[in-house]
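Subject: Structure handover

Hello,

Here is the structure we spoke about, passed on for you to look through. My notes on it follow below.

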Amino acid sequence: MVEQLDRVVIRFAGDSGDGMQLTGDRFTSETAQLGNDISTLPNFPAEIRAPAGTLPGVSSFQVHFADYDILTPGDAPNVLVAMNPAALKANLSDLPSGADIIVNTDEFTKRNLAKVGYAVSPLEDGSLEGFVVHPVALTSMTIGALAELNIAKKDAERAKNMFALGLLSWMYSRPFESTLRFLERKFVKRPDLVAANKAAFQAGWNFGETTEDFSVRYEVKPAKMRPGTYRNITGNAALALGLVAAAVRSKLPMFLGAYPITPASDILHELSKHKRFGITTMQAEDEIAAIGAALGASYGGAIGVTTTSGPGVALKGETISLAIALELPLVIVDVQRAGPSTGMPTKTEQADLNMALYGRHGEAPLVVIAPKSPSDCFHAALEAARIALTYRTPVILLSDNYVANGSEPWLLPEVADLPDLSVDFATEPNAEGGRFLPYLRDPETLARPWAIPGTPGLEHRIGGLEKADKTGDISYDPANHEFMVRIRAERIESIPVPDVEVEDPDDDSRVLVLGWGSTYGPIGAACRALRQRGLPIAQAHLRHLNPLPANLGEVLKSYDKVVIPEMNLGQLAHVIRAKYLVDAIPFNQVSGLPFTAATLENMLEDVVKNG
C-alpha cells in the first residue's frame, strides 16, 4: 500500500560517530533527484568526539521535503530515527503526538540508558505511548546481513547507518542508485567497505519490504518549480561558487586568504577545487595573516577574499580598517556562530551585525550584505564582489551557520545572465603635467583609481596614515582629515541598492515583519500560515544592511507596527529605531537554534490581534 503525502520532516539522530550527517545528506540527495522541494538542518556537537552515548555527543540531520514550495527545515519531525537512548532523549521533546520513532534497540542497554539518566528503558515504561514506535535491532541486523563478507565486526557495526538509510528510502519511495554510486566513490580504495555498505543499505530496504511493522509506504510527488537544471546545494558551497562566478565575470584572478574556523572552513575547501578559474587559495597561519594576504592581493589587482567567523573578524579588524583607508576592494565573509568568544562553534546566531557595522576604530564605514537562504549565498557573493570592485571598498558578507550548512534546490543560472564585473584599471596619469593622483575620484561612484603596482608613471604612496585628498600624500591637516572621513562615508552611503520589497498580498496589513539574513524562511512560513488563517500581515526582508535601501524609511512609516525577529538581542532593531525613529518591536532568540515558524506565528498573531 502506498499513501500520498504532501510533506514530510525526518530527523536522523545518533552518536557523533554514527554517520548521521552522511545519512541525512544521502537521503537529501535522493530526495532532490525526485524533484521535491527540500530544506535541511544539520545539527552537530562542537567537540570533535564527545563521549559516546552522551547527550552532548548527539548529532542530528533534519530534512523537510514537500510537493510545494517550502521555506524552512520544518518545526517538528514526523519521523525520528534514534540510534541510541541519548538521541531519543535529546530529540523527544521536539516530536508532535503521533510521530513515528524508529529506535535501534541494540543500543538500549542498561549502561547506555544510565548515561543519559534513564532508570528504566522508555521502550518499556509506557512513556512513548503517544508515539508510533518501531523497534528495530539495527546493529545486530546489519552485522547479520554482512556475516558472509570478510569484514571486521567494528566495520560491520558502522554500516548500520546505511541500513537505516535503506529502510527510510524504502518507506518514502526514494531512489537509491546514486547512493550506491556514491559509496563506490567514497570507499574506492576499500572494496570491502563498498560491499559492506551496499549490502547494509540493501538489507535495510529489504527489511522494510518484508516486515509487517512497516506495512505502508509513502510517496511525496515532485514540487512545481521553475523549469531549468537544479542541484542540491549548501550555503557554503553556493557562496564559494558565487565567488568563482565573480572571478569569471570580472576576468580577474581571485585570492582567498583563510584560516580554518567553524563554520566557514568549507568555503576554503570548495574554492581550492577551482584553480582552473584563476582561484588561488592559501591556508594562513592565523586570521591576521589571512586578511593581510588577501588585502595584498587586492593591492596587486586581484579580488581579495577572506573567510572566517566572529572570532576571526575581531582579529581582522585592524586590516579591515587599513582596507577602508586605502580604499581597495576586499570581500570579508563572516559565517556567524554563537558567541561571545569561542561560544558554541557549531550553533547559529546573528549577533555579529554590530561588529560588521561598527567594529573598527575611527570612522570606518563599509558595505554589509546578508544572504537569506543557502541558494541566495551565490547571488549575495556576486553582489558583494560587484560592490567591492565598483566602489573600491571592503564588503562584509554576513552568512550564518544555519544558512551555511543548510541546503536547498538551486536553479543553475546562465553564465551570460550574470552581471558583468569588468574593471578598468588606471593605466596612465590622470592629471596635468603627467601626474597620477591616486585619490582623484570618479564623480559617479566616488571611487578612486585602482592602479596595479609596477604600472609606469603611476607610482603612489601606500599605507595606513591619513592621505591628502587627490595626491595621496601623508597629511595631518585637520580640514583634510575632516574631508576624507566624510567623503569615505559619503561613498558608502551613496551606493545605490535595490529598494526593499514588501510582501503584502491584500495591501491591507497594519503589521510589518522586517527581517534580515537567515530569518527569511521562518518569518515567511509564519506569515504564510497567518494569511491562510485570514490574518493580514506584511513581510519585508533586507539583504543590504549598509547602506540601507532608500525607500526603507517610507515603508516602515506606512505600518502601525514593525516587528523585527533576530537571533541576537535586537541589533537591527536598535539601528532601525535610531535611524528612522520607528518604535520597532524586537523579538529575540539566542539559543543557538533558528526560529521555528510556529514560535513566530504565535508571537505575530498576538501582535496582529492585540497590537
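A word on angles before the notes: axes are lines fitted to C-alpha atoms, for helices over the stretch in contact, and the angle between two of them runs from 0 to 180 degrees between N-to-C directions. The model is a predicted one. With that convention, helix 1 (residues 20–33) runs at about 10 degrees to strand 4 (58–66). Helix 1 lies across strand 2 and strand 3 as well as strand 4.

Sheet

Those strands belong to an open sheet of 6 strands, in the order 3-4-2-5-6-7 and with mixed pairing. At its edges are strand 3 (37–43) and strand 7 (132–136), each of which pairs on one side only. From one strand to the next, the twist averages 15 degrees. Strand 2 (residues 7–15) and strand 5 (residues 79–82) run parallel and are joined by 4 bridges. Ala 13 has Ala 82 in strand 5 as its bridge partner.

Nonpolar cores

In soluble globular proteins, nonpolar side chains tend to be buried together. Here the largest nonpolar core has 95 residues. The members that touch the most others are Leu 514, Leu 542, Leu 552, Leu 556, Leu 572 and Ile 576. Helix 14 (residues 376–391) supplies the largest share of this core, 11 residues.

Leaving aside neighbours within four places in sequence, Ile 576 is in contact with Leu 514, Leu 552, Leu 556, Ile 564, Leu 581, Val 582 and Ala 584. A second core, separate from that one, has 44 residues, including Ile 38, Phe 65, Met 83 and Val 220.

Regards

Conventions. Residues numbered from 1 in each chain as written. Predicted model: local features only at pLDDT ≥ 70, side-chain atom pairs only at ≥ 80, totals over all residues. Heavy atoms only, no water. Core = buried A, V, L, I, M, F, W, Y, C linked by side-chain atoms within 4.5 Å. Buried < 20%, exposed > 50% of the residue type's maximum accessible area, 1.4 Å probe, protein only. Helix = DSSP H or I, 4+ residues; strand = E, 2+ residues; numbered from the N terminus. Contact = heavy atoms within 4.5 Å. Pairing = 2+ DSSP bridges.
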